[in-house]
Amino acid sequence: MSLKGNNVETIAAQQLGRLLPTRSLHLESLDLSENLLYDEGGRFIAEGLEKNESLKKLYMHCNSLEKAAGLAFKQAVERNRVILSLGLSDNHIDLSLLDEI
């Protein structure tokens with residue numbers, strides 16, 4: 001599903017984050033690039049990703065994500081055994097943290 005460039009904001013990210021762990025959600029790809037998620041919205045998505053069992057590709061490019069979201073995604077990919085691709089480019093996450101993810 002592509003929501004790229006749809007002005008998705010933090011409140012919508014919170015709702016999406018709550019839906020991601022739902023077993024009835026069989027979403028394999030989600031593109032949230034070029035939205036207005038910022039750090040808080042990124043953390044909501046990362047929290048949902050942590051428990052998601054179907055998402056293989058997640059694109060979060062150009063969302064003004066910073067260190068807190070980066071750390072949340074690091075934790076999420078350490079715990080999620082399904083995700084294969086996580087795009088975090090063009091944010092404000094330190095390169096050394098991106099290397100760890």
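Helices and strands are DSSP runs, of at least four residues for a helix and at least two for a strand, and they are numbered from the N terminus. The exercises below apply this to a predicted model.

**Exercise 1. Describe the order of the elements and the overall dimensions of the chain.**

Step 1. Begin by counting the elements: the chain holds four helices and three strands.

Step 2. Read them from the N terminus on, and the order that appears is α-β-α-β-α-β-α. The radius of gyration of the chain is 12 Å, close to the 13 Å that the globule rule gives for 101 residues, so the chain is as compact as a globular protein of that length.

Step 3. Turn next to the outer dimensions, where the C-alpha atoms fill a box of roughly 35 × 30 × 15 Å along the principal axes.

Step 4. Finally, consider how the chain contacts itself: among contacts between residues at least 6 apart in sequence, 86% join residues at least 24 apart.

**Exercise 2. Find the largest nonpolar core and say which helices supply it.**

Step 1. Start from burial, for which the cut-off is a relative accessible area under 20%. Of the 101 residues of the chain, 42% count as buried.

Step 2. Now look for the nonpolar core: the largest one has 24 residues, and those with the most contacts inside it are I45, L58, M60 and F73. The helices α1 (10–19), α2 (38–51) and α3 (67–79) each supply at least two residues of this core, and its largest share, five residues, comes from α3.

Step 3. Relate this to a wider tendency: in soluble globular proteins, nonpolar side chains tend to be buried together.

Step 4. Take M60 as an example and leave aside residues up to four places away in sequence; the residues that M60 touches then include L32, L37, I45, L65, F73, L86 and L88.

**Exercise 3. Work out which residues of α3 are buried, which are exposed, and what the buried ones pack against.**

Step 1. Check the length of the helix: α3 has 13 residues and reaches 19 Å from its first C-alpha to its last, close to the 18 Å expected at 1.5 Å a residue.

Step 2. List the buried residues of α3, which are A69, G70, A72, F73, A76 and V77. They lie on the same side of α3, because they cover an arc of only 160° around the axis.

Step 3. Look at the other side of α3, where K67 and R79 are exposed.

Step 4. Identify the partners: the buried residues of α3 pack against α2, β2 (57–59), β3 (85–87) and α4 (95–100).

**Exercise 4. Locate salt bridges in the structure and state which parts of the chain they link.**

Step 1. Note that the structure holds four salt bridges, of which the following steps treat some examples.

Step 2. K4 forms a salt bridge with E34, with the closest N and O atoms 3.8 Å apart. This pair links distant parts of the chain, since K4 lies in the segment before α1 and E34 in the loop between β1 (29–31) and α2, 30 residues apart. K4 is partly exposed, with a relative accessible area of 43%, and E34 also counts as partly exposed, at 42%.

Step 3. E53 and R23 meet through their side chains in a salt bridge of 3.2 Å, N to O. Here too distant parts of the chain are linked, with E53 in the loop between α2 and β2 and R23 in the loop between α1 and β1, 30 residues apart. Both E53 and R23 are exposed.

Step 4. E78 and K74 form a salt bridge of 3.3 Å, N to O, and both lie in helix α3, four residues apart, about one turn of the helix.

Notes. Residues are numbered from 1 along each chain as its sequence is written. This is a predicted model: local features need pLDDT of at least 70, side-chain atom pairs count only at pLDDT 80 or more; totals for chains, interfaces and linings use all residues. Side-chain values use heavy atoms; hydrogens and water are left out. A nonpolar core is a set of buried Ala, Val, Leu, Ile, Met, Phe, Trp, Tyr and Cys residues joined through side-chain atoms within 4.5 Å. Buried means under 20% relative accessible area, exposed over 50%, partly exposed in between (1.4 Å probe, protein chains only). Contact means heavy atoms within 4.5 Å. The expected span of a helix is 1.5 Å times one less than its number of residues. The arc is that of the directions from the helix axis to the C-beta atoms. The radius of gyration is taken over C-alpha atoms; the globule rule is 2.2 Å times the number of residues to the power 0.38.
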